[in-house]
Amino acid sequence: MSLASGVTVTDECINKFNEFRLSHGKIKYIIFKISDDKKTVVVDDFGAESDYEVFLYDVEYDLGGGEGKRSKIIFISWVPTNVPTLWSMIYASTRENLRNALNVANSIHADDKSEIEWKAVLKEASGGKAN
Amino acid sequence: MNPSNPPQTAEYGGVTIHPSSLEHLLTYVASRLDEVSAIVLDPGYSTTRAGFAGEDAPKSLIPTYYGKYNADGQEKLIFGDDVFVTPRPGLSVHNPIGRDGIVEDWDMAEKVWEYSFTSRLTGAKASDPFHNGLNEIPSEELPTEMEVEADEKPLADSPLLMTEPGWNPAKAREKTIEIAMEKWGTPAFYLARNGVLSAFASGKASALVIDIGASNISITPVHDGMILKRGVQHSPLGGDYISSQIQAFSKTAVEAGQPPQAKYKTFPADKAPDASYRSLLEERTISEFKECVVQVWAGPNKLSATGPNGVSNEEVARTTPGRPFEFPDGYNQVFGVDRFRVTESLFDAKAAIPDPDSPFPAPTPSQTLPELIKASLAAVDVDLRPHLLANVVVTGASSLLYGFTDRLNHELMALYPGPRVRISAPGNTAERRFGSWIGGSILASLGTFHQMWISKKEYDEHGPNIVEKRCK
């Protein structure tokens with residue numbers, strides 16, 4: 001067990017994730033956040049623009065060469081550098097808990113918009129094959 | 001009012017406390033114990049930081065050095081800032097931690113660490129409330145059924161989170177939990193790697209942490225909240241080494257300023273403090289010099305290299321305005337290019353100023369920062385390298401040297417021209433000096449962290465080895 005905050009992932013997160021996974025692209029993304037009492041990870045579906053959050057994005061990409069369209073779920077953590085240390089610490093130490101609970105292999109950590117440009121996301125999703 | 005004298009009855013507003021109300025008070029105190037904050041202890045080579053979890057900075061900051069002298073045939077010890085104050089006869093200064101950052105003298109490490117929290121945080125051990133003179137109770141009214149634990153341990157009420165370097169050996173980790181549990185009686189304990197704490201405090205679960213401390217510079221690759229042990233590198237070219245370089249160059253200083261006009265205090269041979277006391281105080285002055293004057297050549301390229309238009313970097317450095325400094329003896333001087341030279345060997349071993357008297361042997365190329373980073377990244381998985389380079393975290397007090405992060409950035413880009421290099425270094429001085437303490441403070445203050453603590457019960461069941469299983 002690595003060092004972790006112990007913030008727990010609610011069932012709501014898992015259920016929503018399964019819905020997302022089985023929706024075949026109808027749901028494009030889920031945004032998660034840590035509750036204000038710092039105890040649980042909750043779904044922040046409606047959050048339009050939050051300062052710091054973790055979100056999942058279903059990336060659709062085309063490998064070309066007749067292999068058709070593929071899609072992959074990407075785990076993106078977004079903690080910009082101007083976030084107070086308290087929240088940086090809590091998000092960073094909870095990240096692995098959430099990722100393991102959802103069992104998503106591909107992930108990106110971003111603290112700057114350039115790191116979540118389409119090119120970077122596509123590269124992670126396709127393992128560098130599509131561009 | 002002298003705090004060591006018990007307050008008179010009149011100072012309680014003339015009210016005598018009745019035993020029954022005392023009992024209420026004790027129940028109240030016991031109920032408050034649940035809310036007692038954990039203590040965070042971040043022991044370094046030069047300073048030991050301790051404070052309550054949830055606070056922004058450590059309340060107790062003491063030198064890890066301690067003093068030892070003989071008085072009336074008895075050995076006496078001095079802890080904390082007092083060690084700087086009085087040059088007692090025969091006073092010698094020691095450090096329980098070795099230059100490699102690992103504890104050498106466990107008995108003394110325990111005492112220094114204990115002083116760091118008992119002096120400012122927990123207070124002295126509680127004494128029996130019926131006999132400490134604070135409560136006047138007629139002897140016939142003394143309740144007999146109440147038992148007060150005779151020998152209360154200093155941390156009996158506080159969980160303790162401690163930090164450690166990434167190369168701390170298993171034996172030392174077990175010894176640490178043993179002291180915390182058995183000597184200090186802490187009810188819960190956790191030992192966290194300071195590299196992971198610094199990475200988390202920057203919001204990153206994966207990062208390449210570059211820590212520039214007093215006795216060591218270290219590179220710790222962290223992935224998904226775990227240190228990658230094979231990639232941990234450290235070398236002794238830290239703040240103390242830079243101080244030794246300053247001493248080396250001040251011996252060869254060419255242009256003399258005003259000669260000092262100070263009157264020195266002299267000691268008769270039998271009253272003189274040990275030489276180690278002098279070097280401790282010298283180090284203090286040099287630290288001030290380091291903070292005010294010294295600068296790192298910001299790059300690109302080494303200080304000895306030639307810039308793009310044929311002018312050597314040293315010439316460019318020479319044209320920057322010098323900085324004045326006055327030493328305590330009155331000697332003062334404006335320092336020019338020399339202030340860049342003393343740090344250059346952190347990046348370029350050949351630039352070291354030779355000094356046969358220095359306690360530090362001349363640095364080898366493999367001890368320099370660029371080589372340590374290379375060795376560290378070579379030991380981790382190829383796929384992780386670009387990710388680590390995009391998340392470089394700089395921490396440690398000596399990283400505050402002016403120009404340090406600029407130079408590091410240039411060196412990293414020269415070493416790894418392909419991947420994107422991004423350095424994050426907190427601009428706030430306290431966050432740089434106390435990075436891992438602050439990280440520990442936040443974690444230990446979270447209500448949800450309780451599942452991570454190793455409880456006394458678990459320790460009793462599994463023994464000190466539990467720290468290896470739980471604190472990875």
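**Exercise 1. Find out whether A:Asn103 is buried or exposed in this predicted model, and describe its backbone and its place in the chain.**

Step 1. Begin with the surroundings of the residue: A:Asn103 has 11 other C-beta atoms within 10 Å. A residue is called exposed if 12 or fewer such atoms lie within that distance, and A:Asn103 is therefore exposed.

Step 2. Turn next to the backbone, where A:Asn103 has a positive phi of about 60 degrees, although this residue is not a glycine.

Step 3. Finally, locate the residue along the chain: A:Asn103 sits in the loop between helix 2 and strand 6 (107-110) of chain A.

**Exercise 2. Carry out the analysis for B:Asn301, stating how many C-beta neighbours it has inside 10 Å and which class follows.**

Step 1. B:Asn301 has 17 C-beta neighbours inside 10 Å, and so it counts as partly exposed.

Step 2. The phi of B:Asn301 is near 70 degrees, which is a positive value in a residue other than glycine.

Step 3. The residue belongs to the loop between helix 7 (275-292) and helix 8 (313-319) of chain B.

**Exercise 3. Describe the contact between chain A and chain B, going from whole chains down to a pair of helices.**

Step 1. Count the residues on each side: chain A contributes 24 residues to the contact, and chain B contributes 29 residues.

Step 2. Ask which element of chain A gives the most to this side; the answer is helix 2 (residues 85-102) of chain A, with 9 residues.

Step 3. Sort the side of chain A that touches chain B by class, which yields 10 nonpolar, 9 polar and 5 charged residues.

Step 4. Look at helix 2 of chain A together with helix 5 (residues 194-201) of chain B: their axes are 7 Å apart, and the two helices pack at an angle of about 115 degrees. From helix 2 of chain A the contact uses A:Thr85, A:Ser88, A:Met89, A:Ala92 and A:Ser93, while helix 5 of chain B supplies B:Ala199, B:Phe200 and B:Ala201. In this helix pair there are 5 nonpolar and 3 polar residues, and no charged residues.

**Exercise 4. Work out how chain B is divided into domains and how these domains meet.**

Step 1. Establish the overall content: chain B has 16 helices and 17 strands, and buried residues make up 41% of its 472 residues.

Step 2. Read off the division, in which domain 1 of chain B covers 33-126 + 145-196 + 434-470, whereas domain 2 covers 231-425.

Step 3. Relate the two parts: the centres of domain 1 and domain 2 of chain B, taken over C-alpha atoms, are separated by 30 Å. In their contact, 13 residues of domain 1 of chain B meet 14 residues of domain 2 of chain B. The side of domain 1 that touches domain 2 consists of 7 nonpolar, 4 polar and 2 charged residues.

**Exercise 5. Trace the open sheet of 6 strands in chain B and say which helices pack on its strands.**

Step 1. Write down the strand order, which is 3-2-1-7-8-17 in chain B, with mixed pairing. Strand 3 (60-63) and strand 17 (454-455) of chain B are the edge strands, since each of them pairs on one side only.

Step 2. Examine one pair: strand 1 (residues 39-43) and strand 2 (residues 47-52) of chain B are antiparallel and share 5 bridges. B:Asp42 has B:Arg49, in strand 2 of chain B, as its bridge partner.

Step 3. Add the helices. Helix 3 (residues 106-122) of chain B packs on the sheet and touches strand 1, strand 2 and strand 3 of chain B, with a direction at about 40 degrees to that of strand 2. Helix 4 (residues 170-183) of chain B lies across strand 7 (160-164) and strand 8 (188-193) of chain B, and runs at about 150 degrees to strand 8.

**Exercise 6. Decide which parts of the prediction call for caution, using the pLDDT of chain A and chain B.**

Step 1. Compare the averages: chain A has a mean pLDDT of 74, and chain B has a mean of 84.

Step 2. Identify the extremes. In chain A, strand 4 (residues 53-62) has the lowest mean pLDDT (51) among the elements, and helix 2 has the highest (87). In chain B, helix 1 (residues 19-32) has the lowest mean (57), and strand 1 has the highest (96).

Step 3. Note one stretch of chain B, residues 1-15, where the pLDDT is below 50 and the model holds 6 contacts beyond near neighbours in sequence. Where pLDDT is low, predicted coordinates should not be read in detail.

Terms used
Residues numbered from 1 in each chain as written. Chains lettered and ligands numbered in written order. Predicted model: local features only at pLDDT ≥ 70, side-chain atom pairs only at ≥ 80, totals over all residues. Contact = placed C-beta atoms within 7 Å. Helix = DSSP H or I, 4+ residues; strand = E, 2+ residues; numbered from the N terminus. Nonpolar A, V, L, I, M, F, W, Y, C, P; charged D, E, K, R; others polar. Buried ≥ 20, exposed ≤ 12 C-beta atoms within 10 Å, placed from the backbone. pLDDT = per-residue confidence, 0-100. Domains from an automatic or database assignment. Axes fitted to C-alpha atoms, helices over the stretch in contact; angles between N-to-C directions. Pairing = 2+ DSSP bridges.
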